[in-house]
Every structure is written in structure tokens, then in C-alpha cells.
Amino acid sequence: MKRIPLILVAIAALSALIAAPAQAATLRPVVVQPYTDLTEGVAVGPHGEVYVGLLSKGEVRKVDATGTDTLLAALPVGEGRLNGLATDRRGTVYALLNSGDAATNGVWSITPWGDAQLHAALPLGFANALAFGPDGALYVTDSAHGAVYRVTGGKAAVWAKSPLLDPGADGVGANGIAWRAGAFYVAVSDQAQIVRIPYGKGGQAGTPAVHVKDAKLAGADGVAFDVRGRLYAPSYTGNTLNLVRTNGEVEVLADKLDSPASLAFDGRVLYFVNIGGNGAPSLMKAKVKHPGLPLLHG
């Protein structure tokens, strides 16, 4: 084959790069509620109410249909942090408290009227996100230990652990978790990947495998599926909201955010929180093309 001079190859590659249109962000999220504390967890209740977790204050806030923000409960966060939230079909909110104190560290349950108690203790680490499974148990990611715990009957046990879930240099491994079609999908922030863990016979974890790996997924946090099987995954390091298509392609839907983290669907409305590392913690929302995949609610 005839050799093409390297300079011509370089010029052709540069010309193609210049001619190729940049991928434009297609969503325009709007602020629902600004906050003065860092925001991390978000969940939607059975009546459309939205719950937001304030990371350092340990507060769980409730935003009703009118946009009114009220305090639901304040947890004993100490010098730690409040992370992921989830709700069940009765409207109970489950919150991950990383207090650093063995007496209070774990999954907390909060009734719709604000009574809070420790639901299950967790090992000291970095419990980050949680989701219900088909057995009614809660499945909790630990970003420090690269693990997923199964929580049932007030007890937690390791359900899955793999190097694919491990943290890297920034100390954030397994993060957001979502259920779809017989498996859990886990965002692994430091490894810029989504890992699929099959739900095997008898509820045992199958062998974890990389579902998709892409540089845009560095800092991937919460994850949520729509009914078409597409996965929404914000990046708190890239300040973007990304969409993982069913063919594995990753599209940036929104950019110039402020460390977006957890997210939750209410029909075609996608709620997410900006942690606010650049000074703008908030609850935001955007209308998307397809509704979210209904969650398992315990």
C-alpha cells in the first residue's frame, strides 16, 4: 500500500475535527429550589412530592406540588454527611447517613410526618446510594469499599463486591444504583463506567461486568432509566447530565451545571440536585422525551 506522508494525514485529521459539529446540550434544566447547603440526595414520593437531602446539615427537605419547601427531618449527621435517598410505596423516606458514629451510621427511615429512626446500621465507609430490589430489600452502594449491601430485616450484608466497583484516586467507587430487567446497574465514579450486576437464582449476585465505559462518565453519580432502557447519569466532575443510549453511546444532554449528583423521575419530569461545589446548590428539573422506568418501591 502506498504510504501517505504524515503531514498530510495530520492535516486531514485536523480538518475533519474542525468540520465536525460539537455535540450540543439539548436540555435546559430549570431551578426548582435553591439551597444554602450542599445538596446530594433526591427522591420522589408516591404523591409527587420531592425529597432533597442537605449533605452537611443532615436535613431531609420536602418540596410539595406548589414548590413549598419544608423540613421533614434532621438526622444526627455530626461531622459526617447525608447521602442518598429513596422512598417506598407508603411514602417512607430512606436516607443514608454517614455520621462516622457506629451508633447512628447507616440507613435511616423517616415517616411521612417526620419521625426518624435508624433502620439498619452499616459499616463505617461511604454509603452513597440505594434502591429497592425485586425482593423488597434495599440495596446500598458503598463508594469506599467497592461493595453493594443488601439490607433487610434491619440488617445489612455484603451482596456484591468486585474490583470493578472499587474507588480510584478520588476515593469514589460504587455510586448510583438502578434496577432494570433482572439486574442492578451501578455507576462507578472514579472508573468512568457503569457496571451491570445480574440478580441471580435465589437473589444471589451474579458476576459483575462493565456495561459501558466512557470518559464522559468520569464522576458519574446517580443513575436512572427511562422506559426505553436509556440511562441518565450526571457527572459531578464534568458538570454535565449524560444519557447512555442502549447501544452504549454517551450523549451530553446538559452542561454548565454545578456538580450534579442524584436524580429521580416523576413521569417525564427528571429531577436532579446540584451539589453546589461552585456555590449554587439546588434542586433542578427538566422535561424529557420518555418517562422514567417505574421503580421498585419495597
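**Stop 1: the strands around the pocket**

Select β2 (39–44), β6 (81–87), β10 (127–132), β14 (174–180), β18 (224–225) and β22 (260–266): each of these strands supplies at least two residues of the lining of the largest pocket. Keep in mind that you are looking at a predicted model.

Now show the pocket itself. It holds about 670 Å³ of space. Its lining takes in 37 residues. To find the centre, pick Leu263, Ala264, Phe265, Leu295 and His297, the lining residues that lie nearest to it. Then colour the lining by residue class. You should get 23 nonpolar residues, eleven polar and three charged.

**Stop 2: the sheet that starts with β2**

Stay with β2, one of the strands that supply the pocket lining. Select β2, β3, β4 and β5 together. These four strands form an open sheet, in the order β2-β3-β4-β5, with antiparallel pairing. Look at the edges. β2 and β5 (69–74) stand there, each with a single partner strand, so one side of each has no neighbour in the sheet. Next, view the twist: neighbouring strands of this sheet are turned by 25 degrees against each other on average, direction ignored.

Zoom in on β2 and β3 (residues 50–54). The two run antiparallel and are joined by four bridges. For one residue pair to click on, take valine 44 and its bridge partner in β3, valine 50.

**Stop 3: the aromatic rings**

Show the rings of Phe, Tyr and Trp. How many aromatic pairs are there? The count comes to ten.

Start with tyrosine 139 and tyrosine 199. Their rings are edge-to-face, 6.4 Å centre to centre, with 80 degrees between the planes. This pair links distant parts of the chain. Tyrosine 139 sits in strand β11 (residues 138–142), and tyrosine 199 in the loop between β16 (193–198) and β17, 60 residues apart. Are the two tyrosines buried or partly exposed? Tyrosine 139 is buried, because its relative accessible area is 0%. Tyrosine 199 has 21%, so this residue counts as partly exposed.

Move on to tryptophan 179 and phenylalanine 184. Here too the pair is edge-to-face: 5.0 Å centre to centre and 70 degrees between the planes. Both residues are buried. Now add Trp159 to the selection. Ring pairs link Tyr139, Trp159, Trp179, Phe184 and Tyr199 into a cluster.

**Stop 4: two loops with a positive phi**

Go to asparagine 239, in the loop between β19 (231–235) and β20 (240–244). Its phi is positive, about 60 degrees, although the residue is not a glycine. Asparagine 239 counts as buried because its relative accessibility is 19%, and the cut-off is under 20%.

Then select lysine 256, in the loop between β21 (250–254) and β22. Lysine 256 also is not a glycine, yet has a positive phi of about 60 degrees. Is lysine 256 buried or exposed? With a relative accessible area of 78%, lysine 256 is exposed.

**Stop 5: a lysine before β18**

Finish at lysine 216. Find this residue in the loop between β17 (209–213) and β18. Lysine 216 is partly exposed, at 32% relative accessible area. Draw a distance from its C-alpha to that of isoleucine 177. The two residues are 18 Å apart in space and 39 residues apart in sequence.

Methods: Residues are numbered from 1 along each chain as its sequence is written. This is a predicted model: local features need pLDDT of at least 70, side-chain atom pairs count only at pLDDT 80 or more; totals for chains, interfaces and linings use all residues. Side-chain values use heavy atoms; hydrogens and water are left out. On a 1 Å grid over the protein atoms alone, a cavity is a set of points where a 1.4 Å probe fits but cannot get out, and a pocket is an open set with protein on both sides within 12 Å along at least five of seven lines; lining residues have an atom within 4 Å of a point. Grid points are joined across faces, edges and corners, and a volume is the space filled by probe spheres set on the points. Ala, Val, Leu, Ile, Met, Phe, Trp, Tyr, Cys and Pro count as nonpolar, Asp, Glu, Lys and Arg as charged, and the others, Gly among them, as polar. Buried means under 20% relative accessible area, exposed over 50%, partly exposed in between (1.4 Å probe, protein chains only). Two strands pair if DSSP finds at least two bridges between them. Axes are lines fitted to C-alpha atoms, for helices over the stretch in contact, and angles run from 0 to 180 degrees between N-to-C directions. Rings of Phe, Tyr and Trp (its six-membered ring) pair if their centres lie within 6.5 Å; planes under 30 degrees apart count as stacked, over 60 as edge-to-face and the rest as tilted.
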